[in-house]
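Here is a structure to look over. A visitor asks, and a guide answers.

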Amino acid sequence: MADESHDIRIGRGMGPRISVDLRRRRLGRRYIIVTDSHLARTRGASLQAAFRRRGLPVDLLSFRAGEASKTRAVRDRIEDGIIALGAGRDTALVALGGGVVGDLAGFVAATFNRGIPYVQIPTTLIGMVDSAIGGKTGINHPAGKNFIGAFHHPKAVYIDVDYLKTLPIRHFNSGMAEVVKCGVVADRGLFLELERHLEHIVRRDPEVMSRIIEACCRIKVKVVVDDPREMNRRMILNFGHTFGHALETLSGYRMAHGEAVAVGMVAEAALATAAGLLAPGAVERITHLLRRLDLPTTLPEGVVPSALLQVAHRDKKARQGRVAYALPVRIGAMANIAGNYGIPVEDGLAIQVLRGMMGGPRKGRTSAG
């Protein structure tokens, strides 16, 4: 299906080239850049100026930065804003920012006038390797993360590796959690490269990061093309996310997404070992790599396993009252979940694993303080 194609371009200093490409594509008669308050006056204004130099009619809307903005109220304000600007079916949205911007702008694009085109320009590592690709859009609900949303694929994704230069270290490390996930679920070679050459990665060497980002994009695109609506195989990309999303919810989104997913990956890898699917040595390697990235690998203080599991039961992928997990069988391969939404595991075993992750050495930050 045309809506599920993935045109992803990776490069450096791409701002001017994006406007040239969009002028050629003619996705809309006009464009509206949607971004957050951290980017509006810098990268947003620069991109808007590049559009105007190419003769592309463009406006800019922004909202307060942060996961707390992924709400119905902010979505409504974006919709009101584009309507006030005279948007119609000849309008295309440009999502400039991290996962929050992409999810919100994508959801508005999916539902405004029953669907208008949009493009993703991710400025965070998580956006580049994960959230900007695959067409998932949505907003949060007090009951859980991404409870309200739609599948709506961007017409193009433009990845400018130079954006990583100024990305705060906490957000860079958070994005690396998703890179580690890609290695665990589908690319043993990528995982080995992370183990062997982490010093080049943490220095954000552009050539190395371009190669790693491309590897992650290829993994995600292949899985999404095979299962665009997350009916079975795409579930493997949720490794670490069942517990990770629950941790985000319990923390009031003070935990960064990648921090929560890091803890979730350790927990779900340990669960795979407890279920007899994964060798203990693989859990140790995953944990060690995450710690080297200064990411947390134990439950934050005050998190009660039973409360975490209760939130996980409200996960979108839970079925018939049971939590379903994406579990690895070795680094680079996942348990077969064809026809299912994941591997069901008894709550008692999950509680046992989570209790084993309480306390102990902690790496990384678990709050926004």
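**Buried charges and one helix**

Guide: K220 and D130 are both buried, meaning under 20% relative accessible area with a 1.4 Å probe on protein chains only (exposed is over 50%, partly exposed in between). This is a predicted model: local features need pLDDT of at least 70, side-chain atom pairs count only at pLDDT 80 or more, and totals for chains, interfaces and linings use all residues. Residues are numbered from 1 along each chain as its sequence is written, and side-chain values use heavy atoms, with hydrogens and water left out.

Visitor: How far apart are the closest N and O atoms of K220 and D130?

Guide: The pair forms a salt bridge, that is, a side-chain nitrogen of Lys or Arg within 4 Å of a carboxyl oxygen of Asp or Glu. K220 lies in helix α9 and D130 in helix α5, so the bridge ties together parts 90 residues apart in sequence. Helices here are DSSP runs (H or I, at least four residues), numbered from the N terminus. The closest N and O atoms are apart by 3.0 Å.

Visitor: Which residue of helix α6 forms a salt bridge with D130?

Guide: D130 has 12% relative accessibility, so it counts as buried. Its partner in α6 has 1% relative accessibility and counts as buried. The closest N and O atoms are 3.5 Å apart, and the partner is K181.

Visitor: Which residues of helix α7 are buried?

Guide: Helix α7 covers residues 188-196. The buried residues are L190, F191, E193 and L194.

Key:
Helix = DSSP H or I, 4+ residues; strand = E, 2+ residues; numbered from the N terminus.
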